[in-house]
Number of protein chains: 2
Amino acid sequence: MGKIRLYIDHPFVPGQAVPLDAAQAHYLSGVMRQGPGADIEVFNGRDGAWTARIEAVGKRGGAVALIAAAAPQQDPPDLWLLFAPIKKARTDFIVEKAAELGAARIQPVQTDHTNAERIRQDRLQAHAIEAAEQCGGTFVPPVADLAPLARLLDGWDPARRILWADEALAGQADTLAALPRGPWAILIGPEGGFSEAERRRLAAMDCVTRIGLGPRILRADTAAVAALTLWQAALGDW
Amino acid sequence: MGKIRLYIDHPFVPGQAVPLDAAQAHYLSGVMRQGPGADIEVFNGRDGAWTARIEAVGKRGGAVALIAAAAPQQDPPDLWLLFAPIKKARTDFIVEKAAELGAARIQPVQTDHTNAERIRQDRLQAHAIEAAEQCGGTFVPPVADLAPLARLLDGWDPARRILWADEALAGQADTLAALPRGPWAILIGPEGGFSEAERRRLAAMDCVTRIGLGPRILRADTAAVAALTLWQAALGDW
């Protein structure tokens, strides 16, 4: 990769300095050994990528100056990922891969068979930011706080279709290209699968399409990456 | 998952005991707290899955008796995964996911921009075994030792087509379904991409098809999972 990229959640106005917080300043000077005058790439998730010059870095923060636009803003398609949190490393992984593969929003859900009562939203959001920094992205998907699946479905906008990766459907996944484009959400179940009540409810919703992911049982993190890939290839921007 | 599954690399002959080595015996008795009389599921990668009863477990090994066939042998399609090893955790991850997604053989390759001089083949093979154990599989893809890409291409059988995931081709991936079925290998490059010499060589080979994996840059591990998914959905057994 080489180039240092930094996500800065601050408006970008050409000619105005963009402030760095203490952690960003420490990363640039303490970790990456960069000082005033060095050029990096910055993005704020909405104004594309910019070449920026470090003006100051200190213990309490710093600032960069925007030099020139480097890449236009590129937003992903309107795809959400709903998944039940699993073990820490695999949950981190799902968030990283969803950011890389172009999810627009990441929504952890509590299902009948989910063990997690809470998540570290800030830590997951940091993973999504790091993935965008590492992979040259200009967009960072927001990671929502954990919400009960039942409550989300209560208020679900039927205009957003749901692609339900159903582990009980060990079939083919070749029908995606025939589905309508537009807003979608991918739903990945927990390791123990969905409960019977959840399965009945999902099956009864008009906006839900079930897909199988092959004859082998996939872990939840694998299923998330596979479903994001198939959606992007058939209905997204690949 | 619940059920204890164990890969045992030994012929299965109904009526004959299957020996456990010391590590397997320790896993069953020390880790999983199972003793003689307990039923587990075993597979050897070629004879399907069997219900087996523990006959003996001790410090030096043990034995199980085959009780009844539990699932037929299910081999994946004839798909190899060639990839350049990256950081340890991500290499482990690629092997795990390739086993889950149904690769028939995993071949780490040394490219012009690969840093790895050697891999721990035994450790990677153990990851492939664990993935099969965890995911209910009956097949374990062999993990080959690291080999130079150039040497592999020198002796390449042109009957095995190569799907080259080319990070320079930020295009669509929608042409896979039109490709012939049969033996394939997916080739994933290192973080720094392929060298110019490698790119020229691959482009000149008749059996090579390039695909892009979307407009965002993907890490090598993400690219491996995405390419395996697209291949399985279009040309494999999904």
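Salt bridges over all chains of this predicted model come to a count of 38. Between chain B and chain A the count is 10 salt bridges. The tour opens with these pairs.

**Stop 1: the inter-chain salt bridges**

Select B:E100 and A:R219, whose side chains meet in a salt bridge with an N to O distance of 3.4 Å. B:E100 belongs to helix α2 (residues 88–101) of chain B, and A:R219 to the loop between β11 (208–211) and α6 (220–235) of chain A, so the pair joins two chains. Both B:E100 and A:R219 are buried.

Add A:D221 and B:K97 to the selection; their closest N and O atoms lie 3.1 Å apart, and the two form a salt bridge. This pair also joins two chains, because A:D221 sits in helix α6 of chain A and B:K97 in helix α2 of chain B. A:D221 counts as buried at 1% relative accessibility, and B:K97 is buried with a relative accessible area of 0%.

**Stop 2: a bridge inside chain B**

Now display B:D92 and B:R123, a salt bridge with its closest N and O atoms 3.1 Å apart. Distant parts of the chain are linked here: B:D92 is in helix α2 of chain B and B:R123 in helix α3 (residues 121–134) of chain B, 31 residues apart. Is each partner buried or partly exposed? B:D92 counts as buried at 9% relative accessibility, whereas B:R123 is partly exposed with a relative accessible area of 24%.

Returning to the contact between the chains, select A:R90, A:R219, A:D221, B:E96, B:K97 and B:E100 together: salt bridges that share partners join these residues into one network.

**Stop 3: the interface as a whole**

Colour the two chains separately. Chain B is superposed on chain A by a rotation of 180° with 0.0 Å of shift along the axis, at an RMSD of 0.0 Å. This is the relation of a two-fold axis. The same surface serves both copies, in that 97% of the contact residues of chain B recur in chain A. A matching view is available at A:E100 and B:R219, whose side chains meet in a salt bridge at 3.4 Å, N to O.

Selecting the contact residues gives 37 in chain B against 36 in chain A. The two chains bury about 3,000 Å² between them, with 58% of it on carbon and sulfur atoms. Within this area, highlight B:R216, B:R219 and B:W238, which supply 26% of what chain B buries against chain A, more than any other three residues.

**Stop 4: helix α3 of chain A**

Select residues 121–134 of chain A. Helix α3 has 14 residues and reaches 20 Å from its first C-alpha to its last, close to the 20 Å expected at 1.5 Å a residue. Its buried residues are A:L124, A:Q125, A:A128, A:A131, A:A132 and A:E133. What do the buried residues of α3(A) pack against? Their packing partners are β1 (5–7), β3 (39–43) and α2 (88–101) of chain A. Just after the helix, A:G136 takes a positive phi of about 75°.

**Stop 5: an annotated segment and a last residue**

For residues 20–61 of chain A, an unreviewed UniProt entry gives the feature "domain: Ribosomal RNA small subunit methyltransferase E PUA-like". Over this range the chain is 24% helix and 36% strand, and the end C-alpha atoms are 5 Å apart.

Finish at A:A197 in helix α5 (residues 196–203) of chain A. A:A197 is partly exposed, with a relative accessible area of 43%. Add A:D112, which is 85 residues from A:A197 in sequence and 8.8 Å from it in space, C-alpha to C-alpha.

Technical notes. Residues are numbered from 1 along each chain as its sequence is written. Chains are lettered from A and ligands numbered from 1 in the order in which they are written. This is a predicted model: local features need pLDDT of at least 70, side-chain atom pairs count only at pLDDT 80 or more; totals for chains, interfaces and linings use all residues. Side-chain values use heavy atoms; hydrogens and water are left out. UniProt positions are given in the numbering used here, feature names are shortened, and annotations may be inferred rather than shown by experiment. Helices (H or I, at least four residues) and strands (E, at least two) are DSSP runs, numbered from the N terminus. The expected span of a helix is 1.5 Å times one less than its number of residues. Buried means under 20% relative accessible area, exposed over 50%, partly exposed in between (1.4 Å probe, protein chains only). Contact means heavy atoms within 4.5 Å. Copies are superposed by least squares on the C-alpha atoms of residues with pLDDT of at least 70 in both. Buried area is the accessible area (1.4 Å probe) that two parts lose on being put together, summed over both. A salt bridge is a side-chain nitrogen of Lys or Arg within 4 Å of a carboxyl oxygen of Asp or Glu.
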